[in-house]
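Biologist: Please show me the model, and then I will ask how its terms are justified.

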Amino acid sequence: MKRGLILNNAYYETPATLYQSERLKEELLKLGVKTDVKKNDFFAAEIENGAVKGVNGYDFCIFLDKDKYAARALESAGLRLFNRREAIELCDDKALTFLALAGSGIPAPKTLPGLLCYSPEAEFQTKTAEYIAKTLGFPLIVKESYGSLGKFVYKADDMPSLIKICKELKCRPHLFQKFVSESAGKDIRAIVIGGKTVAAMKRTSNGDFRSNIGLGGKGEPYNADGELTALCEKTAALLNLDYCGIDVLFGKDGYLLCEVNSNAFFGGIESATGVNVAKAYAEHILKSIN
Ligand SMILES: Nc1ncnc2c1ncn2[C@@H]1O[C@H](COP(=O)(O)OP(=O)(O)O)[C@@H](O)[C@H]1O
Ligand SMILES: [Mg+2]
């Protein structure tokens, strides 16, 4: 019998993360696979004489954390991770995601990775803000590179608000992006598993420009057409993702990639669409490890 490990972050435990683990455990058990749900608090990345500890006794690990050190340690100790470590790293950092996809023909809003600053005393230069404003126009979107649930995504309406945000974010990785006005307050969330789009919903906010469910957005089933599935499936393939939630904006001339979540929660889309996402993921895992 195959055995799996479902690994969650050491610190972060919410109803959504517990639901995720329990649903995957349940669906894998129906396929005859036993799993242990654990927190990533046992230092998988302990290193001695060039070797990492890792874990033994498992055929695979569903890595629901984003801890790149633990992911690297587990992979280098021979464990197959879902998703793979590199795919998680590329998605965790929004600027890296866009760089990884650059030149691939995936349609996306114009994006400027922010300039990195290592010293809080350094002064933010107005000419930087002027370049960003000239390149993207107002309003424009600013995102912290590491963030989710819409919490670290901002809209700058004018030069003073842009400068204020830039000063606040100066020492944190971030990016600037053209505001897709046609998509204000609405977008699409699609789930891709094993290269196939298995579910899609349209999310509509209650007033905010961000449509995240966690911020009060409402989801309804969305009929994924060929243009949407092509964008999502190509994106997932380029990033080598087994599983992901892809956010897509409604652009003037078609769909535009917004972001890729390697660790997307699926509770919201399961209830909005009735699709059994956990079952589809469990089946993909079993197929991949056999
Ligand atoms: N360039 C953009 N133009 C218009 N709306 C955007 C843009 N980028 C993000 N949004 C809105 O903000 C939400 C959150 O942004 P996203 O990049 O998905 O970050 P998060 O990881 O926090 O969900 C999106 O679901 C979308 O509704
Ligand atoms: Mg998002």
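The exchange below sets values against definitions.

Modeller: This is a predicted model, in which local features need pLDDT of at least 70 and side-chain atom pairs count only at pLDDT 80 or more, while totals for chains, interfaces and linings use all residues. Residues are numbered from 1 along each chain as its sequence is written, chains are lettered from A and ligands numbered from 1 in the order in which they are written, and side-chain values use heavy atoms, without hydrogens and water.

Biologist: What makes the pair between Gly 150 and ligand 1 a polar contact?

Modeller: A polar contact is a pair of N or O atoms within 3.5 Å. A backbone N or O atom of Gly 150 lies 2.6 Å from an oxygen atom of ligand 1, so the pair counts as one. For Glu 259, a side-chain N or O atom is 2.9 Å from an oxygen atom of the ligand, so that pair also counts.

Biologist: How much of ligand 1 does the protein cover?

Modeller: The protein covers 99% of the 540 Å² of accessible area that ligand 1 has on its own, by the Shrake-Rupley method with a 1.4 Å probe.

Biologist: Why is ligand 1 said to lie between two domains?

Modeller: Domain 2 (90-107 + 182-289) and domain 3 (111-179) both give residues to the shell around ligand 1, so the ligand lies between them. The domain bounds come from an automatic or database domain assignment.

Biologist: Which peptide bond joins Phe 138 and Pro 139?

Modeller: A cis one, with omega about -5 degrees. Another cis peptide bond joins Phe 82 and Asn 83, again with omega about -5 degrees.

Notes
A polar contact is a pair of N or O atoms within 3.5 Å; within protein, one must be able to donate a hydrogen and the other to accept it, and residues adjacent in sequence count only if both atoms are side-chain atoms.
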